[in-house]
Each structure stands twice: as structure tokens, then as C-alpha cells.
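This report looks at aromatic rings and at how they meet one another. The sequence and the model are shown first, and the text then turns to the rings themselves.

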Amino acid sequence: MLYSEIKERENRFITALKIAFPFLLLIGIFFHAFQLFPYTSVNFILLILLIPIYVYYTVYLIYHGFQTTLIDPTTKTFTRMEIMTKIENIKDRENTTIIFFTCK
């Protein structure tokens with residue numbers, strides 16, 4: 001597996017964690033809501049409002065994840081923006097050599 005594909009999997013795994021953790025928190029709040037908060041209609045409405053907010057958050061993260069992919073789907077290598085950020089993050093610029101080559 002290419003290094004770029006490994007980084008893309010890491011990126012998608014982090015996105016999945018960003019989706020799953022609030023879901024577990026939401027389930028925990030629903031099961032313990034009446035122990036944590038007094039039973040009023042305002043609290044019930046606020047708890048119900050958490051569901052569409054979480055759905056919007058999930059859809060946004062999925063859509064954003066597809067828009068900000070790290071690899072080009074055709075070549076399976078990093079996109080131009082990702083290569084530029086990797087070049088900018090090089091600390092020892094004087095002793096670093098970057099080689100781009102194409103095999104056909």
C-alpha cells in the first residue's frame with residue numbers, strides 16, 4: 001500500500017472518530033438525561049433538538065471528508081495541495097532533496 005493511501009486511511013479514520021464520539025455522547029445523554037436534568041418540557045425539547053443537530057454535523061463531516069481528500073483518485077498519489085503542505089513543513093531545507101519522477 002502506498003504511503004499516500006495510508007495517510008488517506010488515517011484521515012478517514014479520524015473523521016469516523018469525529019462522527020462516532022459525539023454519537024456515543026448523545027446516547028449517554030439520552031439515557032441519563034432525566035437523572036442529570038430536571039424533567040421539564042424545555043429540557044425535553046432541547047434533547048430532541050440534539051438529534052437534527054447531530055445529523056447535520058454528521059452529514060457535514062461526510063461531505064467535507066469527500067471534498068478534502070489527500071490523494072488523487074486516478075494516480076493514487078498525493079494531491080498538489082498536500083505535496084505543497086508537506087514541502088512547507090520541511091524543517092531542514094538546506095539538507096533536503098525532493099525528487100519527482102514518473103514511471104510509464
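## An aromatic cluster

In this predicted model, the residues F23, Y54 and Y57 together make up one aromatic cluster. Within the cluster, F23 and Y54 form an aromatic pair whose ring centres lie 5.8 Å apart and whose planes stand at 35° to each other, an arrangement that is classed as tilted. Because F23 belongs to helix α1 while Y54 belongs to helix α2, this pair ties together parts of the chain that are 31 residues apart in sequence.

The two partners also differ in how they are classed by accessible area: F23 is partly exposed, with a relative accessible area of 38%, whereas Y54 is buried, with a relative accessible area of 15%.

## The pair of Y3 and F78

The model has a count of 3 aromatic pairs. One of them is formed by Y3 and F78, whose ring centres are 5.8 Å apart and whose planes meet at 75°, and because planes over 60 degrees apart count as edge-to-face, this pair is edge-to-face.

Y3 lies in helix α1, which covers residues 3-36, and F78 lies in the loop between α2 (41-67) and α3 (80-88), so the pair ties together parts that are 75 residues apart in sequence. Y3 is partly exposed, with a relative accessible area of 48%, while F78 has a relative accessible area of 15% and is therefore buried, since buried means under 20%.

Methods:
Residues numbered from 1 in each chain as written. Predicted model: local features only at pLDDT ≥ 70, side-chain atom pairs only at ≥ 80, totals over all residues. Heavy atoms only, no water. Phe/Tyr/Trp six-rings, centres within 6.5 Å; stacked < 30°, edge-to-face > 60°. Helix = DSSP H or I, 4+ residues; strand = E, 2+ residues; numbered from the N terminus. Buried < 20%, exposed > 50% of the residue type's maximum accessible area, 1.4 Å probe, protein only.
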